Amino acid sequence: MINIKNKKAFTLAEVLITLAVLGTLVSISMPVVRNSIPVTDNFRIKKAHTTLKTIINDMLNDSVQYAGKRDFSNNEKVYETNVGVKASTKTFKKIFLSVIKTKGTQDCLAYGTSESVNNCYVTVDGISWCVPETDFDNTNMIEQKDEKSFATKFAPITVYPKYEAKKAKADPQKYMMEKAIFYGVRRDGKIVFLDIIKCDDKSKEVHCTAQKLIKKYSKHN
């Protein structure tokens, strides 16, 4: 016969105290765990921004494509094809797309265009890029004034961190304004957020979210 009187066990009070301690630890650690998990959309926004900066910098420093140049001006006179024929305004776009290694095209609206016909090029990470054919002098350039009201020309690049065709089909223009990021690339390689949407603390557009994220990201790097 087993004598259970000598068997030791936890009292109800001890169990309750243990559960209370565990609950406290979980409540403290959950925010930390939640913040450590990357949000897919935010991750794509940061990746798109970093990719754009890297590509523009590499293109400017490419001694073959832009030999002897420090900017993209008159780029049709700088780059020559293998058969010796001078390239047109497609040069910048051609080189840019060859670097990001696209896997196909996407019918989406880009800033400055009126139709959604193969305007965007999709990379393997799902980011869609709308790159203009420009000579960085006049063709497909837009002007934007800085804080001193000095007007500068930029080549507009529209980026969709995640393009959803079904949602965009109903109203491409509205979808673009809500879900796209609008960059401007100056002839000397400077990249800015185009002043297309007026952003404030309550803005929900992806363009505004990108500005906040990159500003915060830049402070910690």
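Trainee: How many residues of β5 are buried?

Mentor: Let's start with how covered this strand is, keeping in mind that we are looking at a predicted model. β5 is mostly covered. It has 10 residues, and the number of them that are buried is 8.

Trainee: Which bridge partner does Thr158 have in β6?

Mentor: Begin with the strands themselves: β6 covers residues 181-185, and 5 bridges join β6 to β5. The two strands run antiparallel. Thr158 also serves as the bridge partner of Cys130, while in β6 the partner of Thr158 is Phe182.

Trainee: Over how many bridges do β4 and β5 pair?

Mentor: Strand β4 spans residues 142-145. One of its residues, Ile142, has Phe154 of β5 as its bridge partner. The pairing of β4 with β5 is antiparallel, and the number of bridges is 4.

Trainee: Why does the pair of Tyr163 and Tyr175 tie together parts that are apart in sequence?

Mentor: Good one! The whole structure holds 7 aromatic pairs, and one of them joins Tyr163 and Tyr175 edge-to-face, with 5.4 Å centre to centre and 85° between the planes. Tyr163 lies in the loop between β5 (151-160) and α4 (165-170), whereas Tyr175 lies in helix α5 (residues 172-179), so the pair ties together parts whose separation in sequence is 12 residues.

Trainee: Are Tyr163 and Tyr175 buried or exposed?

Mentor: The cut-off to use is under 20% relative accessible area for buried and over 50% for exposed. By that rule, both Tyr163 and Tyr175 are buried.

Trainee: Where is Leu25 placed?

Mentor: Leu25 belongs to a nonpolar surface patch, with Phe10 and Leu12 among the other members. Together the patch residues have about 950 Å² of accessible area. As for its place, Leu25 sits within residues 12-36, which make up helix α1.

Conventions:
Residues are numbered from 1 along each chain as its sequence is written. This is a predicted model: local features need pLDDT of at least 70, side-chain atom pairs count only at pLDDT 80 or more; totals for chains, interfaces and linings use all residues. Side-chain values use heavy atoms; hydrogens and water are left out. Patches are made of residues with over 30% relative accessible area and no salt bridge: like charges are joined within 9 Å, nonpolar side chains (Val, Leu, Ile, Met, Phe, Trp, Tyr) within 5 Å. Accessible areas come from the Shrake-Rupley method with a 1.4 Å probe; for residues, only the protein chains shown count as cover. A salt bridge is a side-chain nitrogen of Lys or Arg within 4 Å of a carboxyl oxygen of Asp or Glu. Rings of Phe, Tyr and Trp (its six-membered ring) pair if their centres lie within 6.5 Å; planes under 30 degrees apart count as stacked, over 60 as edge-to-face and the rest as tilted. Buried means under 20% relative accessible area, exposed over 50%, partly exposed in between (1.4 Å probe, protein chains only). Two strands pair if DSSP finds at least two bridges between them.
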